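Thank you for coming; I would like to walk you through one protein chain this morning, beginning with its overall dimensions and then turning to its core and one of its helices. Please have a look at the model first.

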Amino acid sequence: MTALAVANLTVSYGDVVAVRDVSFAFDAGEVFVLLGANGAGKTSILRCISGLVPARSGTTVSGERSLNGLSPHEVARAGISHVPEGRRIFPNLSVEENLTVSFIPRGSDRGTVLAAVYKLFPRLAERRRQFGGTLSGGEQQMLAIGRALMNSPALLMLDEPSLGLSPVLADLVFERLAAINAQGTTILLVEQNATCLELATHGVILQNGRVLLAGDRAALQDSDFVRRAYLGI
Ligand SMILES: Nc1ncnc2c1ncn2[C@@H]1O[C@H](COP(=O)(O)OP(=O)(O)OP(=O)(O)O)[C@@H](O)[C@H]1O
Ligand SMILES: [Mg+2]
């Protein structure tokens, strides 16, 4: 089943066209990657899917359901969670409060979902009474992901979760995403960091708001663009 289909999407801010006629689709169970440099339009695509910015033209469809025109809350209720760029956790709430305020009932009860998040991220369980703002960068990223999981999403979208993390911590985040995917959650991962391709089933490379290349993991890893721009070859 198609988890998400984006067709001919264009997003603009006044005269600035951030995303030009972008199309891609992926099936339930995949880890689909949007890879691109600064300003490629990655965040704009996620924000448009989430209902945070309108599309100028084009469609976004999840399963059988059109997402066009839905509010961010309606998109979340449809089972799509968004971990935003920069994490945006609540600094003055405890770790546990950050998680519980983000709960959306979609089957399982709150305690069950919380326990599953703590199982994935034992560090968050250890720090459950600590203020969000006092966590390290890596812990804050785990909290941001944990918060998105409180919606029991079918599709988890993440905007550069490795940004600002050491390579070791970035690998830890990618390893947890693989575990989340193995439990049945489809992932749409936005990154500049090409090491995320290890996780990918398929993806696209974006440049200046356009799709430069689409393909499976091997095709993306072997592309001249990735070899030159990301791996320094
Ligand atoms: N609110 C806005 N108003 C005007 N222009 C914007 C706005 N948000 C983004 N843009 C422009 O749209 C283009 C794409 O931005 P976007 O944030 O989607 O890129 P990105 O791929 O996420 O970049 P980064 O890797 O730096 O986060 C950029 O040229 C940016 O300046
Ligand atoms: Mg961005």
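With 233 residues, a compact globule would have a radius of gyration near 17 Å, and the protein chain agrees with that, having 17 Å; the radius is taken over C-alpha atoms, and the globule rule is 2.2 Å times the number of residues to the power 0.38. This is a predicted model, in which local features need pLDDT of at least 70 and side-chain atom pairs count only at pLDDT 80 or more, while totals for chains, interfaces and linings use all residues. Residues are numbered from 1 along each chain as its sequence is written, and chains are lettered from A and ligands numbered from 1 in the order in which they are written.

Buried residues, those with 20 or more other C-beta atoms, placed from the backbone, within 10 Å of their own, make up 41% of the chain.

The largest nonpolar core, meaning buried Ala, Val, Leu, Ile, Met, Phe, Trp, Tyr and Cys residues joined through C-beta atoms within 7 Å, has 60 residues, and L9, V33, I45, V117, M157 and L189 have the most contacts inside it. Helix α6, residues 137–149 (helices being DSSP runs of H or I, at least four residues, numbered from the N terminus), gives the most to this core, with six residues.

Turning to helix α4, residues 110–120, its buried residues are V113, L114 and V117. They lie on the same side of α4, because they cover an arc of only 100° around the axis, counted from the directions from the helix axis to the C-beta atoms.

Conventions
A residue is buried if 20 or more other C-beta atoms lie within 10 Å of its own, exposed if 12 or fewer, and partly exposed in between; C-beta atoms are placed from the backbone. Helices (H or I, at least four residues) and strands (E, at least two) are DSSP runs, numbered from the N terminus.
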